[in-house]
Every structure is written in C-alpha cells, then in structure tokens.
Amino acid sequence: MDIGMMLDYSGGFREAVAEVRELENAGLDVIVVPEAYSFDAVSQLGYLAAATERIRLASGILQIYTRTPTLTAMTAAGLDYVSDGRFILGIGASGPQVIEGFHGVRYDAPLGRIREIVEICRSVWLRERLEHDGRHYRIPLPADEGTGLGKPLKLINQPVRERIPIVIAALGPQSVAQTAEIAEGWQPHLFHPERAARVWGDSLAKGRAKRSPELGPLEIVASPALAIGEDADALLPLIKPHLALYIGGMGARGKNFYNDLVAGYGYEAEAAVIQDLYLDGRKDEAAAAVPDELARELSLIGPAGYVAERIAAFREAGVTTLTVAPLARTSADRIQQISELRVLAG
C-alpha cells in the first residue's frame, strides 16, 4: 500500500518543501498538491519536481473548467517531463461555488466533460494529430465558429510517458461508475472501508465491467486523518469540524451528497441532525454531533495496533493509496507519524 500526504504550506511554501524532502526519506510515496481557490497547483508541483528525487507528485485536484482539455494535457506532460515521469494527474469537477463564484465560468455537464477531457489528454500524450468532435469540445474549432484557420496539430515534444496516470475525484453514482471505467484511479472522500460497498459497490461494478484491460486494476485513493499513539484518541474531536462541514454544509438540504453518503453508511439520523445544526449556523454543535464511532471509522486514529487493523480494513476494501492528513503540530511529529505509518502499512 502506498502512503501519500496532502501538502500543507500554510506555514510557508519553502518550509513545506524542506519537509517534503524529509518525508521522502521517511518513505512517503506521493505528495498531493491541492488547488481549490488558493495558489495554483502547477507552479508548486514544478518546484517540487526540482526539489525531490523519488516521491511521486499529484495534483489534487485540477478542476476541469478553467483549463482547456489540451492545456491540461500539455501541463500534465510538462510536469511529467520535469519530474522524470513522477506525475499523477488528479482531476475533478470541483463545485459551482468555486467554478462560478471564483472563476465566473458556468458549471455544467461534469460527467460528459471529464470523459472527453480524458480522451483528449490521452490523444495528446500519444502525439496524435488532435481531432475531437465531442458534445462539449470540438478540436479544431469548426470554421463557422472562428477564423476558419484552425488545423489539427500534435504535441511538439515527445512526452516521457504516453500514458500518464489519471485519478478522478468522484462521489456520485454515475461519476464513480464512469471513473471506474475510464481512469487509472479513483479518489473518494469520507471513505468508510467496511461500508463503502453499500454506497458505491454497484457503481464500481458497473464501471469495471466496461473497463479496458490496458488500464489495469482500479487504484483507490482514500484520505483518512492520521494520529498514531496510545493517547491519540484524545485528538478525535479535531477532525469533527471537518466532517461536520462536509456532512452538514456542503450543499443544501436534499442536495448534499456527503450527507447522503453518511446516511448510506448507516448514520441517517445523525447526518440529518448534523445538517440541521450546521445550516442553522450552529457549527460547533454540528461538530459535537458527529459520532465518535463514525470519526474513528473514517480515520487512522489510535494506538499502533488499532491503526494497523484499520489499515488492513482499508486494504481489504481495495484502497491502494492512503493519502493521510497527520494530526501533528510540528514537522518532526509529521515525519515521525509517516515513518510509523510506513512500517505499519508494510
């Protein structure tokens, strides 16, 4: 099982990169750079490529609306080049709050767009003359929509790899099924190893039935919080505000997949209470309403023996990479936690 971590540069980017070098030596396999509505991920990934040697570098995630599909392919090929073949292209639809609220771009047709983007990226990496006549993207632009001077082109440079791994962040049933069909990897959120099949089992089976053998088995990237230690259980309340945000605040009543997800895990009544409290502005109470049991089941928090059991549960559920969020105050503590996790995960 691979071990990854999301890059946190709130204490300074250069300091974070220095820590990544030490984490690389401690056995970290993947560092994931978020984007959201912070700094762009691409510039930081390029910096990390120059500052590291072995660790794989992943975007987590590049949203699909503000870059053209071809630019996404070019960017991925460029990052793969400067990292000597260590890049993982993480993409996703993000949400209308970011896409329309920050970028001023219409949020529509995420499923169809992602499928076409994956097709276009792979065509670019093969250095094919790019011709794509899709519902959402037409390349070259038809003559009656532009100057009429566009012609099919192919990437000038030879990519390091003709197939860069694509990991898609997906949650809804149709999106998960499509991801299992077309992508190298799937990145869910709030993954419950013992109960995920209740929610996503049918979707994964449907997608895998259409999956090309050349893609290999579907990689699954889970993102639990991490705290290993005899007294680590005392840190459990630290993750509850994050869980309450997603269960209660990511969407309206009746339109929050995270709430539906947790309800599907068997916490229907609790999910309803958390949402009511959160949407009423009582965020602290919403966090307190997150059951300890649920917080434990979604995380890797506890003594080493217990964490080892949870790792086994994630592995049994098909998880191939644990992109953890260490609950540690200092760089030294984070490095120690990753080192211990590396040993426990084997």
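Me: Let's begin with one residue: in which helix is Ser-331 found?

Reply: Ser-331 is found in helix H13. Keep in mind that this is a predicted model. Ser-331 has a relative accessible area of 25%, so it is partly exposed. You can also look at how chain distance and space compare: Ser-331 and Leu-48 are 283 residues apart along the chain, and their C-alpha atoms are separated by 17 Å.

Me: Okay, helices next. How far apart are the end C-alpha atoms of helix H1, and what span should its 13 residues have?

Reply: Here's a check you can do yourself. Helix H1 covers residues 13–25, and at 1.5 Å a residue it should span 18 Å. Its end C-alpha atoms are 19 Å apart, which agrees with that expectation.

Me: Which residues of H1 are buried, and which are exposed?

Reply: First the general idea. An α-helix has 3.6 residues a turn, so residues three or four places apart point the same way. Now the case here: Ala-16, Val-17, Glu-19, Val-20, Leu-23 and Glu-24 of H1 are buried. Looking down the axis of H1, you'd see those buried residues fall within an arc of 160°, so they line one face of the helix. Arg-14, Glu-15 and Asn-25 are exposed, on the other side of H1.

Me: What do the buried residues of H1 pack against?

Reply: They pack against two strands, E1 and E2, and two helices, H2 (41–51) and H13 (331–345). H13 is the helix where we found Ser-331.

Me: And what follows H1?

Reply: Gly-27 does, and its phi is positive, near 110°.

Me: Which residues have a positive phi although they are not glycines?

Reply: Here are two to look up. Ala-36 has a phi of about 45°, and Leu-190 has one of about 55°. Ala-36 sits in the loop between E2 and H2, while Leu-190 is in the loop between E9 and H7.

Me: Are those two buried or exposed?

Reply: The cut-offs help here: buried means under 20% relative accessible area, and exposed means over 50%. Ala-36 comes out at 51%, so it counts as exposed. Leu-190 has 7%, so it is buried.

Me: What else is in the loop between E9 and H7?

Reply: His-192 has its place there. Its relative accessibility is 1%, so it counts as buried. If you leave out residues up to four places away in sequence, His-192 touches Tyr-265, Glu-297 and Leu-298.

Me: Now peptide bonds. Where is the bond cis?

Reply: Omega is the angle to read. One cis bond joins Gly-60 and Ile-61, with omega about 5°. Ile-61 is in the loop between E3 and strand E4 (62–63). Another cis bond runs from Ile-139 to Pro-140, where omega is near -5°. Pro-140 is in the loop between strand E7 (138–139) and strand E8 (166–169).

Me: What can a glycine in a loop show me about sequence and space?

Reply: Try two of them. Gly-172, in the loop between E8 and helix H6 (173–182), is 31 residues from Ser-203 in sequence and 8.9 Å from it in space, C-alpha to C-alpha. At 22% relative accessibility, Gly-172 counts as partly exposed. Gly-85 lies in the loop between helix H3 (69–82) and E5. Gly-85 and Pro-159 are 74 residues apart in sequence, with 9.1 Å between their C-alpha atoms. Leaving out residues up to four places away in sequence, Gly-85 touches Asp-80, Val-160 and Arg-161.

Me: Last one: how much space lies in the second largest pocket, and what lines it?

Reply: The general idea goes like this. Rolling a probe the size of a water molecule over the atoms shows where empty space is left. Here, the second largest pocket holds about 320 Å³ of space. It is lined by 20 residues, and the closest to its centre are Val-30, Ile-88, Val-167, Val-221 and Thr-321. Elements that give two or more residues to the lining include strands E1 (2–6), E2 (30–33) and E13 (321–326). E3 gives the most, with 3 residues. Sorted by class, the lining has 8 nonpolar, 8 polar and 4 charged residues.

Conventions:
Residues are numbered from 1 along each chain as its sequence is written. This is a predicted model: local features need pLDDT of at least 70, side-chain atom pairs count only at pLDDT 80 or more; totals for chains, interfaces and linings use all residues. Side-chain values use heavy atoms; hydrogens and water are left out. On a 1 Å grid over the protein atoms alone, a cavity is a set of points where a 1.4 Å probe fits but cannot get out, and a pocket is an open set with protein on both sides within 12 Å along at least five of seven lines; lining residues have an atom within 4 Å of a point. Grid points are joined across faces, edges and corners, and a volume is the space filled by probe spheres set on the points. Helices (H or I, at least four residues) and strands (E, at least two) are DSSP runs, numbered from the N terminus. Ala, Val, Leu, Ile, Met, Phe, Trp, Tyr, Cys and Pro count as nonpolar, Asp, Glu, Lys and Arg as charged, and the others, Gly among them, as polar. The expected span of a helix is 1.5 Å times one less than its number of residues. Buried means under 20% relative accessible area, exposed over 50%, partly exposed in between (1.4 Å probe, protein chains only). The arc is that of the directions from the helix axis to the C-beta atoms. Contact means heavy atoms within 4.5 Å.
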